[in-house]
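Student: Before we begin, may I ask how the terms used for internal spaces and helix contacts are justified in a model such as this one?

Tutor: Let us take the terms one at a time and set each value against its definition.

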Amino acid sequence: MNHPMPSLPYAAEALAPYMSKETIDFHYGKHLQTYVDNLNKLIPGTPYEKMSLEQIIRKAEGPVFNNAAQTWNHTFFFQTLTPQPAAVPEKLAELLTRDFGSVEAFKEAFSKAALGLFGSGWVWLVSDKQHKLSIVSTPNAGNPLTQGLKPILVIDVWEHAYYIDYRNRRAAFIEAFWNLVDWAKVAERCVMKRYECTACDYIYDPETGSPETGIAPGTPFEEIPDDWTCPICGLYKDAFRPME
């Protein structure tokens with residue numbers, strides 16, 4: 001499987017003045033491109049050749065893991081940003097208030113974690129199997145998928161993410177980051193979607209799982225093994241589509 005370079009959901013200059021076109025050109029156009037290219041050079045002829053990025057991240061080590069995780073992490077980061085941010089959706093605000101006290105308390109705790117991470121890495125808002133939200137930091141290419149957590153929001157605090165625009169002022173970059181967060185996208189990631197089989201109309205609901213096929217309640221569709229089949233018609237996961 002050749003992993004393609006992901007497309008940006010906005011123009012390279014669209015995030016200015018908080019993130020310049022020059023930063024996007026280097027961060028997205030060069031750093032991410034290098035991770036994608038390296039991964040595609042490393043996996044031919046290995047057990048990872050036909051795996052998805054998520055599968056590689058959960059199973060690989062060393063250079064394969066590093067380049068797969070950095071490809072996934074950067075893609076997730078760029079997809080978290082928008083030039084037209086809106087207010088935090090009500091449902092997401094309720095969840096953040098439930099687990100952090102308020103939206104502002106969450107942002108303060110997240111910013112503190114991002115500022116305090118020593119060296120290079122990532123700070124994430126994640127959801128666990130019980131749907132509780134928390135903040136985790138991962139050094140270097142670390143990814144919460146390896147801990148069984150679902151990423152919801154991320155900030156890249158490698159220096160290449162901000163040095164062109166902010167030099168060594170990481171705190172200023174973190175403050176600017178909040179002006180670019182796509183809260184609608186973040187809210188969407190908090191909700192476990194239901195999936196429908198296109199052949200027989202069976203609906204997989206993550207809240208109830210599929211105990212008859214060994215899938216426990218609370219399991220997101222994305223975490224079901226690829227060899228799982230529809231309990232009604234027997235087709236594989238790729239026959240399912242997300243429900244609106």
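Tutor: In this predicted model, the lining of the second largest cavity has 6 nonpolar and 3 polar residues, and no charged ones.

Student: What makes a lining residue of the second largest cavity nonpolar, polar or charged?

Tutor: Asp, Glu, Lys and Arg count as charged. The lining consists of P6, S7, L8, P9, Y28, L32, T75, F78 and Q79, and its charged count is therefore none, since Asp, Glu, Lys and Arg define that class. Two elements, α1 (21-42) and α3 (62-80), give two or more residues to this lining, and α3 has the largest share with 3 residues.

Student: Why is the second largest cavity counted at all, and how many cavities does the rule give?

Tutor: The rule counts cavities of 30 Å³ or more, and there are 2. The second largest cavity holds about 30 Å³ of space, while the largest has a volume of about 100 Å³.

Student: How do you know where the largest cavity lies with respect to the domains?

Tutor: Domain 1 (21-190) and domain 2 (195-242) both contribute lining residues, so the largest cavity lies between them. Its lining includes S127, D128 and K129 as well as G218, P220 and E223. By class, this lining has 3 nonpolar, 4 polar and 5 charged residues.

Student: Where does the largest pocket lie, and why?

Tutor: The same reasoning applies. The largest pocket takes lining residues from both domain 1 (21-190) and domain 2 (195-242), and therefore lies between them. About 1,000 Å³ of space lies in this pocket. Of its 29 lining residues, E54, W72, L145, Y195 and E222 lie nearest the centre. The largest share of the lining, 5 residues, comes from α2. The lining divides into 13 nonpolar, 4 polar and 12 charged residues.

Student: What makes F110, S111, A114 and L115 in α5 contact residues of α7?

Tutor: Contact requires heavy atoms within 4.5 Å. These four residues in α5 meet R170, A171, I174 and F177 in α7, so the pairing satisfies that cut-off. The residues of this contact comprise 6 nonpolar, 1 polar and 1 charged.

Student: How are the two helices arranged?

Tutor: Helix α5 (residues 103-116) and helix α7 (residues 170-177) pack at an angle of about 145°, with their axes 10 Å apart. The crossing of α5 past α7 is right-handed.

Note on methods: Residues are numbered from 1 along each chain as its sequence is written. This is a predicted model: local features need pLDDT of at least 70, side-chain atom pairs count only at pLDDT 80 or more; totals for chains, interfaces and linings use all residues. Side-chain values use heavy atoms; hydrogens and water are left out. Axes are lines fitted to C-alpha atoms, for helices over the stretch in contact, and angles run from 0 to 180 degrees between N-to-C directions. A crossing is left-handed if the near helix is turned anticlockwise from the far one by less than a right angle, and right-handed if clockwise. On a 1 Å grid over the protein atoms alone, a cavity is a set of points where a 1.4 Å probe fits but cannot get out, and a pocket is an open set with protein on both sides within 12 Å along at least five of seven lines; lining residues have an atom within 4 Å of a point. Grid points are joined across faces, edges and corners, and a volume is the space filled by probe spheres set on the points. Domain bounds come from an automatic or database domain assignment.
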